[in-house]
Amino acid sequence: MDLLPRSPGEFGSSRYWDRFFRQRGQRPFEWYGAFPELCPVLHKYVRPRDKVLVVGCGNSELSEQMYDMGMCEDIVNIDISDAVIRQMQERSGSKRPKMSYLLMDMLQMDFPDAHFQVVLDKGTLDAVLTDEEEATLAKVDKMFAEISRVLQVGGRYLCVSLAQAHVLKKAVEYFSQEGWVVRVHQVASSGDKQQFVLPIFVYVMTKFRKIPGSAPQILEICPEEQDKPMRVESAERLVAAVKDRQHYALLCSQLSKTPCREQVSLDLCDKESGRPRYTLHVVDSPSVKPSRDNRFAIFIIPQGRETEWLFGTEEGRRQLAASAGFGRLVTVALHREQHYEGMAGIQAELSGKVMELAPPGLPARQQVPFLSVGGDIGVRMVQHCDTSPLSGEYVVEDVKGDGTSYFRRLIFLSNRNVVQSEARLLAPVPLSGQKKRRKDKKKASPTEPPTAIDKSYLCCEHHKAMVAGLCLLGGPDPLPGDEAVLVVGLGGGSLPLFIHDYFSQAHVAVVEIDPSMLEVATRWFGFSQGDRMRVHISDGLDYVAKLAAEVFVLPPAAPAQYDAIMFDVDSKDLTVGMSCPPPAFVEKPFLQKVKTILKPEGVFVLNLVCRDVRLKESVLATLREVFPLLYTRRIEGEVNEILFCQLSPECRRDLTELGARAQALEEGLRQPGRPWDSSYALADMLQAVKIL
């Protein structure tokens with residue numbers, strides 16, 4: 001028995017609906033939305049004394065259930081199908097004397113103006129607005145105009161819908177332009193197997209007298225988990241918010257049926273502000289043999305550690321899930337703009353939501369463990385936030401690492417998962433024999449992080465490799481003496497600071513395009529200028545080009561400018577598959593200028609971060625055209641690759657010699673009374689290089 005129409009236009013045909021209900025018989029037909037699911041929303045907007053009109057009633061039980069539950073009795077039901085109206089009159093006539101069924105077209109109703117307090121539509125608008133053809137839109141306009149006419153001021157049009165984008169947009173735009181208040185409710189699922197995977201929505205349009213002029217639109221959305229509506233500023237944002245919830249429902253349905261081959265990521269937003277509060281990644285481990293207790297777990301990433309390889313990369317999360325021994329692991333990253341009430345508070349907040357992401361076959365009442373590092377949520381304190389015209393919004397924050405270590409980080413919010421600069425903070429050293437000044441003096445909190453910068457510590461692995469590359473400088477002594485070093489890209493200043501402090505005769509010039517970064521480095525990362533350290537606020541491209549031009553006008557015997565040139569500059573264009581450096585910095589004409597200002601036995605050190613394989617191959621080929629000798633050092637667990645470029649093949653050294661020179665360099669830098677971290681291991685850094 002085929003009950004589907006041959007074309008969407010038949011949904012508006014009384015002949016089609018007469019045939020539909022004759023063939024279906026007495027069995028009620030519900031498009032979607034059972035009464036128990038709709039009841040909480042209907043109770044908010046339908047009062048017992050209201051006069052209610054149900055348009056396109058069909059043989060749905062909704063009106064009967066509202067009547068029988070005492071929600072409302074004065075209900076008028078209309079439909080264009082004579083067959084269904086006679087069927088419903090027979091079914092309800094004697095049982096519900098105050099409710100009536102009338103054969104009537106909702107596009108041309110016989111009721112007087114302002115006759116009803118509520119108009120209820122369950123799927124009728126969805127059936128009519130099947131496309132965006134001119135004739136269809138004209139029919140919908142007529143439907144809305146009639147509903148508006150028969151509703152009293154203050155009355156409500158309640159429309160139960162699947163909220164297809166074009167349907168929702170049409171309803172919102174029409175009624176908001178008429179000065180009505182528009183609120184969209186997401187209907188809470190009953191938990192039973194539903195006919196539709198997509199969630200059900202109820203549009204609530206409340207009629208107000210139209211105010212002449214441009215009155216502000218009032219548009220709101222009320223998610224299923226909260227009663228308080230959220231205001232949105234436009235119809236487009238309201239449609240987008242509904243679409244987000246539809247995508248989430250489809251995602252949950254997919255995850256509940258099959259394991260996910262690729263990691264799924266989603267944001268859960270704050271109910272008040274609408275800003276992201278949690279970022280979730282769903283990771284399935286096919287290698288884990290499932291049992292009752294290892295099917296599903298939640299892992300809370302400590303604040304400030306979401307950028308670490310184990311938590312911030314796909315491969316790291318896969319390794320984390322496998323080592324944790326769970327078939328499905330959901331990692332949860334906490335956002336810096338939000339406040340959290342400890343692990344227990346997060347668990348209470350997420351318990352219901354994460355169960356929607358449970359794997360197939362998980363018992364409904366299965367207890368799901370919440371995991372973390374050290375059992376807490378970490379420490380993050382934002383010290384400074386601002387906006388730079390060049391770098392956009394950025395924050396300086398202190399975070400707790402492993403054990404008792406604290407770090408200060410610079411984060412650009414346009415790429416919030418990448419740490420631009422990082423420095424270790426020094427723990428305060430108590431003075432021995434210091435007398436207590438006052439007995440009532442407040443003690444420092446044991447969780448309060450230190451504030452002094454440890455200038456001797458390089459946090460970034462790629463900075464350690466870049467420093468190790470200085471042993472490539474010519475001469476028998478691997479410890480450079482009175483060397484000139486150019487660093488393009490300041491950030492927090494840790495790389496040039498380290499070179500300045502540990503290479504005690506080196507003169508360091510730093511080029512930084514963004515003056516805000518010089519202020520950040522000076523105020524928050526302990527950076528300072530002096531006789532051997534100068535910062536030039538300029539575009540690195542322009543600065544190098546200017547120096548190269550000056551070389552050509554110098555006397556023939558004048559040497560090139562620099563022993564070492566280092567590029568550690570990020571790209572602001574996130575659409576390119578290379579985030580460091582910007583593409584213009586590795587184009588052949590510019591690299592020729594770099595070559596011009598580099599001494600014959602000098603070294604050009606480049607931090608390359610490129611995910612595009614073809615683009616990376618092109619960059620390496622261009623570098624080889626300009627610099628005959630090229631070494632590369634991959635940074636384990638990161639995308640970074642450090643390239644060491646030299647002008648003469650005669651400078652080539654085998655890996656054994658490189659390791660020996662790096663070891664000698666390290667020993668030269670380790671001076672009595674000067675702190676040195678064992679993680680530097682410069683010889684190990686260069687043992688892993690490859691000669692291209």
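# Salt bridges, sheet and cores of a predicted chain

The chain holds 34 salt bridges, a salt bridge being a side-chain nitrogen of Lys or Arg within 4 Å of a carboxyl oxygen of Asp or Glu. The model is a predicted one, in which local features need pLDDT of at least 70 and side-chain atom pairs count only at pLDDT 80 or more, while totals for chains, interfaces and linings use all residues. Residues are numbered from 1 along each chain as its sequence is written, and side-chain values use heavy atoms, with hydrogens and water left out.

**Overall composition**

- The chain contains 19 helices and 28 strands; helices (H or I, at least four residues) and strands (E, at least two) are DSSP runs numbered from the N terminus.
- Of its 692 residues, 51% count as buried, where buried means under 20% relative accessible area, exposed means over 50%, and partly exposed lies in between (1.4 Å probe, protein chains only).
- About 34000 Å² of the chain is exposed, and carbon and sulfur atoms supply 51% of that area; the areas come from the Shrake-Rupley method with a 1.4 Å probe, and for residues only the protein chains shown count as cover.
- Contacts are defined by heavy atoms within 4.5 Å; among those between residues at least 6 apart in sequence, 70% join residues at least 24 apart.

**The five-stranded sheet and its helix**

- Strands of a sheet pair through backbone hydrogen bonds, either parallel or antiparallel.
- An open sheet of five strands with mixed pairing follows the order β10-β11-β13-β12-β14; two strands pair if DSSP finds at least two bridges between them.
- Because β10 (264–269) and β14 (370–372) are the edge strands, each with a single partner strand, one side of each has no neighbour in the sheet.
- From one strand to the next, the twist averages 25 degrees; axes are lines fitted to C-alpha atoms, for helices over the stretch in contact, and angles run from 0 to 180 degrees between N-to-C directions.
- Strands β10 and β11 (residues 276–284) run antiparallel and are joined by six bridges, with C269 having P276 in β11 as its bridge partner.
- Helix α11 (residues 342–354) packs on this sheet and touches β10, β11, β12 (296–300), β13 (328–334) and β14. The direction of α11 makes about 130 degrees with that of β14.

**The β15–β16 hairpin and its salt bridge**

- Three residues separate β15 and β16, which form a hairpin.
- Eight bridges pair strand β15 (residues 380–388) with strand β16 (residues 392–400) in the antiparallel sense, and R380 has V399 in β16 as its bridge partner.
- R380 also forms a salt bridge with E397, with the closest N and O atoms 3.2 Å apart. This pair links distant parts of the chain, R380 in strand β15 and E397 in strand β16 being 17 residues apart.
- R380 has a relative accessible area of 11% and is therefore buried; E397, with a relative accessible area of 1%, is likewise buried.

**Other charged pairs**

- Side chains of opposite charge can pair when their charged atoms come close.
- K51 and D74 meet through their side chains in a salt bridge (3.3 Å, N to O). The pair spans 23 residues, from the loop between α2 (35–45) and β1 (52–55), which holds K51, to the loop between α3 (62–68) and β2 (75–79), which holds D74.
- D74 counts as partly exposed, because its relative accessibility is 31%.
- A salt bridge also joins the side chains of E356 and K353 (3.5 Å, N to O); E356 is partly exposed, with a relative accessible area of 29%.
- E64, D68, R91 and R96 belong to one network, joined by salt bridges that share partners.

**Nonpolar cores**

- A nonpolar core is a set of buried Ala, Val, Leu, Ile, Met, Phe, Trp, Tyr and Cys residues joined through side-chain atoms within 4.5 Å.
- The largest such core has 44 residues, of which L53, I78, F111, L125, F144, Y157 and Y203 touch the most other members. Helix α7 (residues 165–177) gives the most to this core, with six residues.
- Leaving out residues up to four places away in sequence, L53 touches V76, I78, M109, F111, F116, V118, V119, L120 and V150.
- F144 is located in helix α6 (residues 134–150) and counts as buried at 0% relative accessibility.
- Beyond its neighbours within four places in sequence, F144 is in contact with L125, Y157, K170, A171, Y174 and F175. The C-alpha atoms of F144 and Y157, which are 13 residues apart along the chain, are separated by 9.6 Å.
- Another core, of 39 residues, lies apart from the largest nonpolar core and has L473, L518, V535 and V603 among its members.
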